[in-house]
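Me: I'm new to this one and would like a close look at a single part of it. Could you walk me through the area around the ligand and then what sits next to it?

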Amino acid sequence: MAIVVKRGNSIFVEGPARIEIKEGTGIVFGREVYPGDTIVVKRAKAVGIAALDRDLTVDIVSGVEPRYEIIEGSLFPDDWFHAADVISELEKPAIVAVLGDVDTGKSTLVTFLANILFKRGFKVAIVDEDVGQSDIGPPCVIGLSFMDRQIFFLEELEFYDGYFVGSITPSGLLQRSIVGVRLLLDRALEEGAEVILINTTGWVYGRGARELKTLILRVLRVNCIIAIEKSRELEHLIAPFRRSGTLRILRVTSPPRIRERDRVDRKFLRETSFEKYLRDAKEVKLKLDDVGIVYGFLGTGRPATPEELSLIEKIVGVKVEYAEISRDAVVVITAERVKVDALMVSALKLHFNCQDVRVVHYGDFKGTLVGLSSSDGRFLGLGIISQFNPKSRELTILTPVKAEDIAIIEYGCVKVSPEGKEERIFHPWSV
Ligand SMILES: Nc1ncnc2c1ncn2[C@@H]1O[C@H](COP(=O)(O)OP(=O)(O)OP(=O)(O)O)[C@@H](O)[C@H]1O
Ligand SMILES: [Mg+2]
């Protein structure tokens with residue numbers, strides 16, 4: 001289906017769609033497109049093409065009725081171009097944080113700036129702090145990529161490094177997010193990045209969000225904040241930095257069209273990403289004694305003695321498959337489901353003189369998302385626990401990472417099926 005977009009106007013196309021440029025030139029998120037170029041737009045995403053200096057003819061090939069709209073004028077606000085000019089002039093390395101509410105175009109603005117700055121010859125890195133709607137790397141991970149060509153979507157870039165946060169939201173996990181972005185910024189600087197664009201989560205309201213954003217801006221020592229707004233809704237985040245002499249604050253407008261995403265769309269995009277990530281995964285077996293454990297208790301203590309086990313069984317009232325004791329915690333793995341009550345927990349705390357007690361059913365491990373790191377703490381990839389064998393103290397993990405590389409297992413707070421379906425979200429430190 002061929003469509004003509006008049007010079008100076010734009011076309012907004014919703015996925016799933018495949019767009020072929022037939023005649024004229026256009027600009028897509030800061031990247032110029034020419035006849036012969038093809039843009040593939042996924043379900044729950046959209047793309048905007050502005051006709052530059054002459055009429056543009058595009059062909060939309062789509063399995064369903066193509067959904068598009070002709071927009072008068074450009075889909076890319078003038079202040080976006082101005083922001084690219086400001087960043088070009090900043091002292092290098094320029095550390096630029098893009099802030100915005102959900103569905104305001106943050107990822108698109110980052111793509112736009114990255115395309116323009118790359119074309120101007122800067123070494124551009126992108127740190128994607130968003131763990132829910134990750135553009136770089138799988139969900140639950142903060143990602144780092146470098147621009148090596150112009151792109152339509154950030155996910156086209158090669159994943160360079162990551163930091164496992166463990167959930168689809170940084171809420172309740174602020175420290176991990178802050179440490180993660182800082183470490184990846186350091187990696188980008190070590191590699192000589194001149195412009196580092198930080199794509200942030202759309203979590204901008206409430207105490208947790210305010211604290212996270214303030215700390216990220218401080219710990220990264222950003223040179224420039226780009227606040228993308230519909231109606232000055234980010235004032236509370238920007239105000240504390242207004243009088244900083246070293247920090248440029250730019251307020252830019254949200255584009256006239258956005259493909260908004262509801263919870264279903266967001267879950268669909270995450271599950272697509274998990275599924276793709278796990279496609280070549282295999283089961284690996286890891287002995288708890290051979291690895292380090294982070295963000296959880298299981299695997300950090302010594303197995304209970306037979307006497308301790310029978311005492312624990314008396315307290316919890318069901319058969320116990322395995323129990324482990326460390327100085328600050330007791331982990332009990334039961335063969336049957338049991339209702340954990342306050343009395344049971346205080347009896348275990350009292351007896352073992354510890355702060356934390358976890359009573360977990362044997363089957364509850366299945367599906368737990370884990371991050372896998374090398375001995376120097378470098379992110380290697382994700383996995384999901386298939387099974388815990390209490391006798392051999394061994395975890396079976398479905399992952400594309402090679403067993404011999406794994407030195408550290410980091411427990412996450414999401415359950416994912418081998419097909420990538422998101423099954424449940426739970427509290428950190430549940431195991
Ligand atoms: N200027 C634009 N022209 C056309 N489409 C756009 C434009 N800006 C954003 N979109 C589309 O709207 C959708 C949402 O934009 P984007 O992903 O940039 O928002 P976001 O603020 O990063 O969202 P989230 O809060 O989920 O991270 C995307 O599919 C994107 O391609
Ligand atoms: Mg985004």
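Which domains give residues to the shell around ligand 1, and where does that put the ligand?

Reply: Happy to. Keep in mind that this is a predicted model. The domain assignment splits the protein into domain 1 (2-71), domain 2 (78-263) and domain 3 (280-431). Your ligand concerns two of those: domain 1 and domain 2 both give residues to the shell around ligand 1, so ligand 1 lies between them.

Let's look at that shell. It has 23 residues, and the closest ones to ligand 1 are Gly48, Ser107, Thr108, Gly202 and Pro255. Try finding β7 (46-51) and α2 (106-119) on your screen, since each supplies at least two residues of the shell. As for character, the shell is a mix, with 8 nonpolar, 8 polar and 7 charged residues.

Now for the backbone leading up to α2. The loop between β10 and α2 holds Asp103. Asp103 isn't a glycine, yet its phi is positive, at about 55 degrees. Most residues other than glycine have a negative phi, and most peptide bonds are trans. Asp103 counts as partly exposed because it has 15 C-beta neighbours inside 10 Å.

Go to the other end of β10 and there's another oddity. Pro93 sits in the loop between α1 (78-89) and β10, and the peptide bond from Lys92 to Pro93 is cis, with omega near 0 degrees. Domain 1 has a cis bond to show you as well: the one from Gly15 to Pro16, with omega near 5 degrees. You'll find Pro16 in the loop between β2 (10-14) and β3 (17-23).

β10 also takes us to helix α3 (residues 174-190). What covers the buried residues of α3 includes β10 (94-100), β11 (124-128), β12 (141-146), β13, β14 (195-199) and α4 (207-219). And which residues are those? The buried ones are Arg176, Ser177, Gly180, Val181, Leu184, Leu185 and Ala188. They cover an arc of only 160 degrees around the axis, which puts them on the same side of α3. Turn to the other side of α3 and you meet Gln175, Asp186 and Glu190, which are exposed.

You can check the length of this helix too. At 1.5 Å a residue, the 17 residues of α3 should span 24 Å, and the end C-alpha atoms are indeed 24 Å apart, so the two agree. After α3 comes Gly192, with a positive phi near 85 degrees.

Two of the elements covering α3 are worth following a little further. Start with α4: the loop between α4 and β15 (224-229) contains Arg221. Like Asp103, Arg221 has a positive phi without being a glycine, here about 50 degrees. Arg221 counts as exposed because it has 11 other C-beta atoms within 10 Å.

The other is β13, and this one brings in the remaining domain. The C-alpha centres of domain 2 and domain 3 lie 34 Å apart, and 12 residues of domain 2 are in contact with 12 residues of domain 3. On the domain 2 side of that contact, strand β13 (residues 161-164) makes the largest contribution, with 4 residues. That side divides into 7 nonpolar, 4 polar and 1 charged.

So, back to your starting point: ligand 1 lies between domain 1 and domain 2, while β13 gives the largest share of the side of domain 2 that touches domain 3.

Technical notes
Residues are numbered from 1 along each chain as its sequence is written. Chains are lettered from A and ligands numbered from 1 in the order in which they are written. This is a predicted model: local features need pLDDT of at least 70, side-chain atom pairs count only at pLDDT 80 or more; totals for chains, interfaces and linings use all residues. Domain bounds come from an automatic or database domain assignment. Two residues are in contact if their C-beta atoms, placed from the backbone, lie within 7 Å. Ala, Val, Leu, Ile, Met, Phe, Trp, Tyr, Cys and Pro count as nonpolar, Asp, Glu, Lys and Arg as charged, and the others, Gly among them, as polar. The expected span of a helix is 1.5 Å times one less than its number of residues. A residue is buried if 20 or more other C-beta atoms lie within 10 Å of its own, exposed if 12 or fewer, and partly exposed in between; C-beta atoms are placed from the backbone. The arc is that of the directions from the helix axis to the C-beta atoms. A residue is near a molecule or strand if its C-beta atom, placed from the backbone, lies within 6 Å of it.
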